[in-house]
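Thanks for coming. I have one structure to go through today, and I'll put it on the screen now.

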Amino acid sequence: MSTGRRNTHQAGWQRSTQFRTIARAAIKAWNAKRPNLPKCGATAKGTGEPCKQLAMENGRCAWHGGKSPRGKRYGLPQWPSKSSPNAVEKMSRKLRDRERQARERAKRLAAMTPKERQRYEEHRQTHKPGPPGPRAADRARRKQNKDTQNLFATAENQPAAESQFLAAAIDELKRKLERLQRPAAADPVTDQGDIFG
Ligand SMILES: [Zn+2]
C-alpha cells in the first residue's frame, strides 16, 4: 500500500514535463554553484587527500567537526533530545559510539611517538571542553605563565652576559700587563716610553 503511494508521488514528478524542467533547472543551478562553495579543511582518512565535502560555518564538513557545538557546549558530547521519538535507541547508539571512540583513541595513543604524544597533550590543554569563560581565563593564565618564564630566562641570561663582558675585560687587562712586562724585561731603558701605550 505504501509502495503504491510512493509510486504515485514519483509519477507526479516524472510524468509532468513542467516538473521535470523545474527539477533539471534546480540540479543544474546547484551543480554550477557547488564547485565555488568553500570546502572542508580536513584531510580524509581514507584517501589522505583534502576532504571534498562542503564546509559548514566553522570550515569543516558534518563528518569532520562541522556539527561540533561552539560556545557553552564547546567540545562536550551532544546527547539526543528527550523529546525524540526514538530517544532510547539514539542514546544507546551514542553510548556505543563513545565506547568505540574511546577504544580507538587508546589504540592511537599507544601507537604515538613521544613527540606526537606531547603534541596531543598540549592540544588537550589548549582545547579543553566547556563554556568560553573558564577557557578564556585558562588561556590568560597560560599566557602569563609563558611571559613569566620568558622574563626569568632573560634574567638568567643577564649574569651570563655580564660575566662574559668581565672575562673579556680581564683578558684585555692581562694582555696589557704582558705588553707592559715584556719590554721592561727585554730593554728597560729604550722601551720606557711604551709603558702606557
Ligand atoms: Zn570533511
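Leaving aside residues up to four places away in sequence, which residues does A44 touch? Keep that in mind while I go over the whole chain. What you see is a predicted model.

The protein has five helices and zero strands. Read from the N terminus, the order of elements is α-α-α-α-α. Of the 197 residues in the protein, buried ones make up 2%. Now take the contacts between residues at least 6 apart in sequence: 18% of these join residues at least 24 apart.

Back to A44. Its place is in the loop between α2, residues 17-33, and α3, residues 87-110. The answer to the opening question is E49 and C51, with residues up to four places away in sequence not counted. Is A44 buried or exposed? A44 is partly exposed, because 15 other C-beta atoms lie within 10 Å, and a buried residue needs 20 or more. One further pair: A44 and W63 are 19 residues apart in sequence, and their C-alpha atoms are 9.8 Å apart in space.

Last, helix α4, residues 114-126. How many of its 13 residues are buried? The number is zero, so α4 lies largely in the open. I also looked at its length. With 13 residues at 1.5 Å a residue, α4 should span 18 Å, and its end C-alpha atoms are 18 Å apart, so the two values agree.

That is what I have. Questions, please.

Technical notes
Residues numbered from 1 in each chain as written. Predicted model: local features only at pLDDT ≥ 70, side-chain atom pairs only at ≥ 80, totals over all residues. Helix = DSSP H or I, 4+ residues; strand = E, 2+ residues; numbered from the N terminus. Buried ≥ 20, exposed ≤ 12 C-beta atoms within 10 Å, placed from the backbone. Contact = placed C-beta atoms within 7 Å. Expected span 1.5 Å × (residues − 1).
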